[in-house]
Amino acid sequence: MKWLHKDLLDVSQLSRSEVMAIFETAGRFQELQERPVKKVPTLKGRSVILFFAEPSTRTKTSFDVAGKRLSADTFSLAKSSSSLTKGESLKDTALTLQAMAPDAIVIRHWCSGAARFLADRLECSVINAGDGRHAHPTQALLDAFTLHQEWGDLAGKTVLILGDIAHSRVARSNVILLNKLGARVRICGPRTLLPPAVRTWNAKIFSNLDEAVKGVDAVMCLRLQLERQKQGLLPDLREYARTFGLARRHVDLANQDVRILHPGPLNRGVEISSELADCADSLILDQVSSGVVVRMALLFLYMTRKGEE
Amino acid sequence: MAKIDLIVRRARLDGRDVDIFVSRGKIEAVRKSVKTLDPGDAKVEEAFGLTVLPSLTDVHVHLREPGFEYKEDIESGLRAAAWGGFSNIMCMANTKPVNDCAPVTELMLEKARRYWPKGPRLFPIGALTKGLKGKELAPMAELARAGCAAFSNDGVPIESSKIFRNAVEYASDWDRVVIDHCEDPYLDVAAGVNEGEVSSRLGLPAQPDVAEAMQVSRDILLSEYLDIPIHLAHISCKKSVDLIRFAKARGVKITAETTPHYLTMTEDFLEAEETEYDTNAKVNPPLRTEADRQAVIEALNDGTLDCLATDHAPHAVYEKEVEFDVAPCGITGLDTALSVTWELVREGVLTRETFIRAWTTAPCAIFNLPVNTFVPGDPADFFLFDEDQEWIVTPEALHSKGKNTPLMGTVRKGRVKTHFIAGKKIV
């Protein structure tokens, strides 16, 4: 498939068939991961800069592993070591990165729209690894890929996204992508943690978790940032865990074989019970391995784009 | 007839070709244009093919001097005003130091006299509280004597209703109106984006329209209770408009302004393909919905909103070329306001009467400023205007140092050719 996009800013840019092409490519890389030697020379000589202006361990490591398995050279620029802490503007950082002539930049930033800001100014591909509350397309793709591996097809399935939707780029991208793939989306969380115009989204809204889980095929738990309580959005964690934390009794209300996902890192006993995180229905570790192959597929498609023109 | 100093020949005034006679800075007569005329000793300005409009008044600008001269200074701000058609400019107090004592006011007036001795006229707005901190009243008697035409805590809403009430009462002793920037101090202050569908999709912290409307209702109730006028700055939404209309119907002495951007733009701009997350459209209060825009237009036409103001808020290019969350709020407006609003008159969105009232008679009545209605004795403040001249908004085309406008790159219609203030040609 000829890849037309320079940048991956959000899943809204992708057509259904492009998503399928990503899954197909990821599927091929997954076979590779079962071999003793997991590395291929596909992107030998190409370079990827991992620019993380916000702390992240798993996404950054995932991209790093993905790049290295494709033989690309990966370079990390983290906020703690970058000049961003010395007051350099994002524009200047962008120009500096540009001058190093990478083939792709993976950006994580705490401001919504930061990936677009970079993409507008750089000639290389920009892959959004999470911008503020806005979008996290690679997470949504790996979540959908994980479910796709389980079910073969997401069409007609019902997926519940549970927790802090308002501050979640994972939720925003997932609502768009799941709808694109034909799934029915439900959202559940306290009103204080829902986006103001959530009712205009293509999702059914619940404030009662017992109601929300009835008949769902998968539940995606979101991490609760513990500072939400200090911001006056929640009374306390105990009340949140007892009201919106996913527990065994909810699984019993859902469809048989309900799948449980979580983008990590977990707050055990807050948004998900410890028992559920470790149970057989949990796909949490499958998500991590999907993450590597989906990111391999993305790096491959975006970085070989020019060669196909 | 008194000795005529200036005759403006064959200018188009509200559909008529007129000759305007000026004596000692004042309008002496406006007559139907004649073919030939002996000017005597008077200067003659040929205006054939040009429209003449009374100079505009802008009661809400930020000129940034002293303290932020890299964004704008009094010289460049008044130049933008002169070319923008404005003869009276009221500048806000959020300078550094804040305009909360006579020396700062005097410095502003001194700079204006030095760089633009013939106008535009500068009328500083004094701080309502010391340092705009909302704790102690500013010395308003001193500020009024130094030349402040009004008082405001613009941009920094006063949290305490008690302090605000005291300030409104104290200001009234010096016959000065208080201008309030209506924004609940706790509901996501200065987010620069409207809370709603667009902000939810873009994932931006946002300000709901009720944050404005709640303060509007507080001010209306206080104004009514104290029987003292209060002027509401830059009204942006339908909820506020409805409250003001209801208040005026029962005789509350409330007045209000809106800006060209609330008449012409909506939050959708921030989600459009080319301008997604464009920080030049980050402004406080934020661009609202189409329903709000329509309500603001209707309210301006029916007089619920008294006047127009630019809320001219220049910033350096590099300050706006940053992440959306980091960018300061504000749109530069003095250079574009006339074109944008006259286009609305031509399109039939605003009536000519509304335009004239909103930019001249209403603001001058509220703040007691000189105004030209082309009646003998009025100050000879007017400009000659080529309605059809197209121009492109480029950084070079703007006289202001502030280039932060979402209109950058667009084609506008209408340019000031010559501007007279008190009968003297300023540009």
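Q: In what order do the four strands of the open sheet of chain A stand?
A: This is a predicted model. In chain A, four strands form an open sheet, and their pairing is parallel. Strand 2 (73-78) and strand 4 (125-131) of chain A each have a single partner strand, so they stand at the edges and one side of each lacks a neighbour in the sheet. The order of the strands is 2-1-3-4.

Q: By how many degrees are neighbouring strands of this sheet turned against each other on average?
A: The sheet in question is the open one of chain A, with parallel pairing. With direction ignored, the average turn between its neighbouring strands is 15 degrees.

Q: Which residue of strand 2 of chain A does Ser47(A) stand opposite?
A: Strand 1 (residues 47-52) of chain A runs parallel to strand 2 of chain A, and six bridges join the two. Opposite Ser47(A), in strand 2 of chain A, stands Asp73(A).

Q: Is helix 1 of chain A parallel or oblique to helix 11 of chain A?
A: The axes of helix 1 (residues 16-33) and helix 11 (residues 284-303) of chain A come within 8 Å and cross at roughly 120 degrees. Angles from 65 to 115 degrees would count as roughly perpendicular, and those over 145 as roughly antiparallel. The crossing angle therefore makes the relation of helix 1 of chain A to helix 11 of chain A oblique.

Q: How many nonpolar residues does the contact of helix 1 of chain A with helix 11 of chain A hold?
A: Helix 1 of chain A passes helix 11 of chain A in a right-handed crossing. The residues that meet include Ile22(A) and Phe29(A) in helix 1 of chain A, and Val293(A) and Leu301(A) in helix 11 of chain A. By class, the contact has no charged residues, three polar ones and, as nonpolar residues, 10.

Q: Which helix of chain A gives the most to the side that touches chain B?
A: The contact between the chains takes 19 residues from chain A and 16 residues from chain B. Helix 3 (90-99), helix 4 (114-121) and helix 6 (169-180) of chain A each give two or more residues to this side of chain A. With three residues, the element of chain A that gives the most is helix 4.

Q: Which strand gives the most to the side of domain 1 of chain B that touches domain 2 of chain B?
A: Chain B is divided into domain 1 (6-51 + 378-425) and domain 2 (55-367). Their contact takes 25 residues from domain 1 of chain B and 37 residues from domain 2 of chain B. On the domain 1 side, strand 14 (382-392) and strand 15 (411-421) of chain B each supply at least two residues. The most, six residues, comes from strand 15 of chain B.

Conventions. Residues numbered from 1 in each chain as written. Chains lettered and ligands numbered in written order. Predicted model: local features only at pLDDT ≥ 70, side-chain atom pairs only at ≥ 80, totals over all residues. Axes fitted to C-alpha atoms, helices over the stretch in contact; angles between N-to-C directions. Parallel < 35°, antiparallel > 145°, perpendicular 65-115°, else oblique. Left-handed = near helix turned anticlockwise from the far one by under 90°. Contact = placed C-beta atoms within 7 Å. Nonpolar A, V, L, I, M, F, W, Y, C, P; charged D, E, K, R; others polar. Domains from an automatic or database assignment. Pairing = 2+ DSSP bridges.
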